[in-house]
Amino acid sequence: MLGKRASELYRRGESCSACILKAYEDVYGMRLPKDYYKICPGINNGFGTGGMCSAAVAAVIVLAYRLRDETMIKQARIYFLTAVNEKLKSTSCGRLKTDCRTAVFECGEILEKTIDKFEKE
């Protein structure tokens, strides 16, 4: 559900990172601090250098906000990024083997699975 919502937002012109943040808010009915959205222009397009996918970065920010426990955040981050790397064959924007809309969708789906997994533990 989160992936689908993020993909819809991307089609409407939202940035990769903002799609993940807004989809999280919409699906979980929780509001993130507005300052989080001010970060998006700085991380979009793989930090402007083809670096780490900004949808993945935004998802890690959501995990940190939601889970709050440092040990759990670390485990969730590793789980999430490993899953993204397996699915998209990279976590770097410039090396993804798919288009951005698909990457946003997959990051949203994997984020939702990660939240479910770590909230049950």
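Modeller: Before we start: a patch here takes residues with over 30% relative accessible area and no salt bridge, and like charges are joined within 9 Å. Keep in mind that this is a predicted model.

Biologist: Okay, which residues form the positive surface patch?

Modeller: That would be K4, R11, R12 and R101. K4 belongs to helix 1, residues 2-11.

Biologist: Why is K4 called exposed?

Modeller: K4 has a relative accessible area of 53%, and exposed means over 50%, so K4 gets that label.

Biologist: What about I78, and what makes it partly exposed?

Modeller: I78 comes out at 45% relative accessibility. Buried is under 20% and exposed is over 50%, with partly exposed in between, so I78 lands in that middle class. You'll find I78 in helix 5, residues 70-88. Its C-alpha is 9.5 Å from that of V60, and the two are 18 residues apart in sequence.

Biologist: Now the cysteines. How many disulfides does the structure hold?

Modeller: Zero. Take C53: the nearest cysteine sulfur is that of C107, 4.3 Å away. A disulfide needs the two sulfur atoms within 2.5 Å, so C53 is in no disulfide.

Biologist: And how do you know that C93 isn't bonded to C100?

Modeller: Similar reasoning. The closest cysteine sulfur to that of C93 is in C100, at 5.3 Å. The cut-off is 2.5 Å, so that's too far for a bond.

Biologist: Are C53 and C93 buried or partly exposed?

Modeller: C53 has a relative accessible area of 6%, under the 20% limit, so C53 is buried. C93, with 25%, is partly exposed.

Technical notes: Residues are numbered from 1 along each chain as its sequence is written. This is a predicted model: local features need pLDDT of at least 70, side-chain atom pairs count only at pLDDT 80 or more; totals for chains, interfaces and linings use all residues. Side-chain values use heavy atoms; hydrogens and water are left out. Buried means under 20% relative accessible area, exposed over 50%, partly exposed in between (1.4 Å probe, protein chains only). Patches are made of residues with over 30% relative accessible area and no salt bridge: like charges are joined within 9 Å, nonpolar side chains (Val, Leu, Ile, Met, Phe, Trp, Tyr) within 5 Å. Accessible areas come from the Shrake-Rupley method with a 1.4 Å probe; for residues, only the protein chains shown count as cover. A salt bridge is a side-chain nitrogen of Lys or Arg within 4 Å of a carboxyl oxygen of Asp or Glu. Lys and Arg count as positive and Asp and Glu as negative; His and the chain ends are not counted. The place of a charge is taken as NZ of Lys, CZ of Arg, CG of Asp or CD of Glu. Helices (H or I, at least four residues) and strands (E, at least two) are DSSP runs, numbered from the N terminus.
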